[in-house]
Amino acid sequence: MTDKKDPEKKKVNKGTSKEVFGYPISIFFIVVNEFCERFSYYGMRAVLVLYFTYFLRWDDDLATSIYHTFVALCYLTPILGAIVADSWLGKFKTIIYLSIVYAIGQVAMAVSAIHDITDTDGDGIPNNMSFHVALSMVGLFLIALGTGGIKPCVAAFGGDQFSDHQDKQRRTFFSVFYLCINGGSLLSTIITPILRAQECGIKSKESCYSLAFGVPAALMVVALLVFIVGSGMYYKDEPQGNIMLDVCKCIGFAIKNRFRHRSTRYPKRQHWMDWAEEKYDKLLIAQIKMVLKVLFLYIPLPMFWTLFDQKGSRWTLQATTMDGNFGALVIQPDQMQTVNPILILTLVPIMDIFIYPLIQKCGLNFTPLKRMTVGMFLAAIAFVCAALVQIEIDKTLPIFPSTSQSQLKLLNMGNNSVTVRLPGNDPQELPATTVCHLTINTYFIFFTDDLTAKPKQGNNAVRFVNGMNTVVNVSTTSVYFGLIEPLYYSNYSLIKSGEHTFTLWSDTQKCDFTMKFRFGSAYTFIINSNLFSDCLKSITPIQDIQPNSVSMALQIPQYFFITAGEVMFSVTGLEFSYSQAPSNMKAVLQAGWLLTVAIGNFIVLIVAELAKLSKQWTEFVLFASLLVAVCFIFSIMAHFYTYMDPAEIEAQFKKKGDDDEDDKSKRQRPEVEMVKRCSVNSHKEDDKQTRI
């Protein structure tokens, strides 16, 4: 370890920590903090839409709307965080205070997912759902405030720890920082769905959302503690004022001044921002013009994020109706999101090392704006793929009676077949120990304990019909079906995929049978009269709803296209924005970029609430069509865009300012010389008079 001194520049570097391999020790605390924070955020977000759907019992549209409202808030609050950090608290205190808020929000989410708190009757469903909804909404608001508020601060705070001569180390830090973001995202989207799939509870065993939220909450507390431990080593810059506020004030003054001089008797100016020249520096106005030119290009961009962020909502819900069995590996629906970070880590170097150089060698001018256009088109293709997958899923879904129909199930418990005749229906032969499903028109409503939808979360619905003359108890290790009276049936109970052993007993007699289940099926097991003489042959399984047969592997193409689109659109867009931004306004464009993400998520919830399309695949096609239209508009805007060199433009204004200063100095120089000559002559005259 070496002391933080620069022998060439003869000055002490930033911070009070020592260096290891040329890096300040303080940045290691920042890197660990970022990894834990990203694990916390993406881990919670991975299971969030399923928590809305299956714990809070919301429908798919409401769950999607609230999910995207939360994501939008997470991308709106960075603007607030940047203003607070730069104008009031500084980066260090902002990170500390908002991380505390963040951790409280994560703990609130974990507590809101404990069903035993209000589950008074022990059926696994909270009796006071309002409590859980209110607590979860408070938690999500605090998380959005925390994660968004520290988002613009942590990376910049890490960059502040390096001295001017450590450019190489600073670049390496940002690469590692980005790697921590994707590493935390990847691990959390693998681990938290596994935790969510566990069963926990005191009165009844249910999906363990409290554990899935509790581990991210613990990681956020760890992130906060790690950051605090390194506090004595950090370089803490004082707040210098926020450039975004200056930009907003300048734009506001220009608009107000233009409105005051709207009469035709005032001469027009070349640009409406020129109306701010009475109060603000011309260099600042020129910089704002450059920023506005780029922000104008941002107008169509929210539509890309409208599609991209649905991989955590609509695509996850789509995966719940698919088969996650990959042989030796069983994938949970919310684990499919891990494909995105895996592909990012793969495609970014492939694009940079192979694809872009190859296109350049072919003589094609593949500019950043053209890359972004292609990225938007690839995202549209991803949603076409999602629509095709949804069509295949719809083919396998059961057809339930409409509102004007009823479904009649006839069960033949005898040893011989019977013929069923109903008015308005053709006669049907009903073999022994089988179920016949008939759909009939009806004008009255009656209730039965039957399924009205496919089992959720990939679970399987199972019930038993007792055809014996004595009562039978049925149970597995996770479910007790209860005591079934003769010629009665049990209610449907949900069991997970995999192999299950059922135990049936009556008095002193007992037998077991084992069956392997896939995802999303429903079975009625008929218990025949000679159960205890031959257990396996005396139980007849009737498949009410077939299991999910469309493999989750079919989602991989849509994830590939959306990730390739992200690499070409998002990574290139950030690079383009950085290159076109003035030196002191890169944060302004970063805020504008994050704002497009927020608006894109608001568009999702608007469409989800207003479109009300009956088929999910039509909604996917709608989003794809909208993005193609926006992509066409953006390509036209990009065609007429002229690339700028902000440094050159700023240099011209600075040179012009220096020339003006020189001219002013030259105009003042003769007057100074005249004063000097007059002063010299007067002194000579005084000398003569003194000598006389």
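Biologist: Which residues gather in a patch of positive charge on the surface?
Modeller: Keep in mind that this is a predicted model. Patch members need over 30% relative accessible area and no salt bridge. The positive patch on the surface gathers Lys-249, Lys-256, Arg-260 and Lys-279.

Biologist: Where is Arg-260 found?
Modeller: Arg-260 is one of the residues in the positive patch. Its helix covers residues 243–260. That element is helix H8.

Biologist: Is Arg-260 buried or exposed?
Modeller: The cut-off for exposed is over 50% relative accessible area. Arg-260 has 53% relative accessibility, so it counts as exposed.

Biologist: How many disulfides does the count come to?
Modeller: A disulfide is a covalent bond between the sulfur atoms of two cysteines. The rule applied here asks for a pair of cysteine sulfur atoms within 2.5 Å. Cys-200 and Cys-208 are joined, S to S, at 2.0 Å. By this rule the count is 1.

Biologist: What is the angle about the S-S bond of Cys-200 and Cys-208?
Modeller: Both Cys-200 and Cys-208 are buried. Their link is right-handed, and the angle about the S-S bond is 105°.

Biologist: Which cysteine sulfur is nearest to that of Cys-180, and how far away is it?
Modeller: Cys-180 is in no disulfide. The pairing rule needs sulfur atoms within 2.5 Å. The nearest cysteine sulfur belongs to Cys-36, at 9.3 Å.

Biologist: Why does Cys-180 count as buried?
Modeller: Buried means under 20% relative accessible area. Cys-180 is buried because its relative accessible area is 12%.

Biologist: What is the relative accessible area of Cys-153?
Modeller: The limit for buried is under 20%. Cys-153 is buried, with a relative accessible area of 1%.

Biologist: How many salt bridges does the structure hold?
Modeller: One of them pairs Glu-34 with Arg-38. Another pairs Arg-314 with Glu-619. The structure's salt bridges number 11.

Biologist: Which helix holds both Glu-34 and Arg-38?
Modeller: Glu-34 and Arg-38 form a salt bridge, their closest N and O atoms 4.0 Å apart. In sequence they are 4 residues apart, about one turn of the helix. Both lie within residues 26–46, helix H1.

Biologist: Are Glu-34 and Arg-38 buried or exposed?
Modeller: Glu-34 has 7% relative accessibility, so it counts as buried. Arg-38 has a relative accessible area of 5%, so it too is buried.

Biologist: How many residues apart in sequence are the parts that Arg-314 and Glu-619 tie together?
Modeller: Arg-314 forms a salt bridge with Glu-619, with closest N and O atoms 2.9 Å apart. Arg-314 lies in helix H11 (residues 314–319) and Glu-619 in helix H16 (residues 616–639), so the pair ties together parts whose separation in sequence is 305 residues.

Biologist: What relative accessibility does Glu-619 have?
Modeller: Its partner Arg-314 counts as buried at 4% relative accessibility. Glu-619 counts as buried as well, at 5%.

Biologist: Where does Asp-323, the salt-bridge partner of Arg-518, lie?
Modeller: The closest N and O atoms of Arg-518 and Asp-323 are 3.2 Å apart. Arg-518 lies in the loop between strand E18 (509–517) and strand E19 (522–527), so the pair ties together parts 195 residues apart in sequence. Asp-323 lies in the loop between H11 and strand E7 (325–326).

Biologist: Which residues do salt bridges that share partners join into one network?
Modeller: Glu-34 and Arg-38 form one salt bridge. Through shared partners, one network joins Glu-34, Glu-37 and Arg-38.

Technical notes
Residues are numbered from 1 along each chain as its sequence is written. This is a predicted model: local features need pLDDT of at least 70, side-chain atom pairs count only at pLDDT 80 or more; totals for chains, interfaces and linings use all residues. Side-chain values use heavy atoms; hydrogens and water are left out. Patches are made of residues with over 30% relative accessible area and no salt bridge: like charges are joined within 9 Å, nonpolar side chains (Val, Leu, Ile, Met, Phe, Trp, Tyr) within 5 Å. Accessible areas come from the Shrake-Rupley method with a 1.4 Å probe; for residues, only the protein chains shown count as cover. A salt bridge is a side-chain nitrogen of Lys or Arg within 4 Å of a carboxyl oxygen of Asp or Glu. Lys and Arg count as positive and Asp and Glu as negative; His and the chain ends are not counted. The place of a charge is taken as NZ of Lys, CZ of Arg, CG of Asp or CD of Glu. Helices (H or I, at least four residues) and strands (E, at least two) are DSSP runs, numbered from the N terminus. Buried means under 20% relative accessible area, exposed over 50%, partly exposed in between (1.4 Å probe, protein chains only).
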